[in-house]
Amino acid sequence: MKLSVYPNYRSLSENASDEIIRLVRNRPNATICLASGDTPRLCYQLMVEKATAAKIDFSAISFVGLDEWVGISPENEGSCYFFLENLVLRHLNFSRPNIHLFDGLSDDPARECRKMDEFLHDKGGVDLMIVGVGMNGHIGFNEPGVSFNNYSHLVELDHMTASVGQKYFKEATILKQGITLGLKHLSEATKVLMLANGIKKALVIKKVLEEEISDQMPASIVRTHPNSEVMLDEEAASMLNSRT
Ligand code: F6R
């Protein structure tokens, strides 16, 4: 695992967006998996700007969403679908059949998981995964206590995830379950970028990077990945004892 600390959120986002662009240029048929959430918002905006200016071709890229709230429609602005569609997908020339997002309204979440796992298995896994970190140390909806060996699965959301998640919705929303890629997908990804910014992430980042690697802090799994990079701004890095 490599740790990179950037002076601010913008430079972190610039560098993360460059990683996506570089991969798409070098491997036009790569599989990328992007988290939703506040952390990668600027990264995706910059990536879309750069890709549009340089006319980068996404038509053979496979796109995988990291997770989704169960029971939330794609038209709801708090859904991961809505976020990715509006910030990323509709701006670039993805081929629609290459886009794979969990359907939060599916009456058979187990089938959603199977479909995703089969697709990723056939593709040979994810080439680049961009993830954020929850306030409880989750990645995707891999909540504290999750197995590091899971592929896609249905999750009972942690209390903190259900309450912090309200920030994405216009009105109070009952959030009980999620569907997520598993940490095994992350372990098997060719490259993982984990992004965190802001003072509110400083304590969880300290725990993720400096306490023991444990299922109680799922994001600590990035330390076991041979090709992961944790990209922080100064604020998120401010409680770390060491930056190496
Ligand atoms: C979203 C996701 C979540 C978020 C995490 C951080 O698809 O997978 O794990 O990455 O909750 O959220 P933000 O970036 O809003 O702080």
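Student: Which residues in α1 meet α2 in this model?

Tutor: In this predicted model, the α2 side of the meeting is formed by R41, L42, C43, Y44, L46, M47, K50 and A51. The residues of this contact divide into 10 nonpolar, 2 polar and 5 charged. On the α1 side, the residues that meet them are Y9, R10, S13, E14, A16, S17, D18, I20 and I21.

Student: Are α1 and α2 oblique or roughly parallel to each other?

Tutor: Helix α1 covers residues 9–26 and helix α2 covers residues 41–53, and their axes come within 8 Å and cross at roughly 50°. Angles under 35 degrees count as roughly parallel, whereas 65 to 115 degrees count as roughly perpendicular. The crossing of α1 and α2 falls in neither range, and the two helices are therefore oblique.

Student: Is the crossing of α1 and α2 left-handed or right-handed?

Tutor: The handedness describes how one helix is turned as it passes the other, here α1 passing α2. For this pair, the crossing is right-handed.

Student: At what angle do α2 and α3 pack?

Tutor: Helix α3 covers residues 80–87, and its axis and that of α2 are 10 Å apart. The contact is made by R41, Y44, Q45 and V48 of α2 together with F83, L84 and L87 of α3, and these residues divide into 5 nonpolar, 1 polar and 1 charged. The angle at which the two helices pack is about 30°.

Student: How far is an oxygen atom of the ligand from an N or O atom in the side chain of H138?

Tutor: The ligand is surrounded by 15 residues, and H138 is listed among the closest, along with T39, D67, Y168 and K201. For the side chain of T39, the distance from an N or O atom to a ligand oxygen atom is 2.5 Å, and for the side chain of Y168 it is 2.5 Å. For the side chain of H138, the distance is 2.7 Å.

Definitions and conventions:
Residues numbered from 1 in each chain as written. Predicted model: local features only at pLDDT ≥ 70, side-chain atom pairs only at ≥ 80, totals over all residues. Heavy atoms only, no water. Axes fitted to C-alpha atoms, helices over the stretch in contact; angles between N-to-C directions. Helix = DSSP H or I, 4+ residues; strand = E, 2+ residues; numbered from the N terminus. Parallel < 35°, antiparallel > 145°, perpendicular 65-115°, else oblique. Contact = heavy atoms within 4.5 Å. Nonpolar A, V, L, I, M, F, W, Y, C, P; charged D, E, K, R; others polar. Near = heavy atom within 4 Å. Polar contact = N/O pair within 3.5 Å; in protein donor to acceptor, adjacent residues only side chain to side chain.
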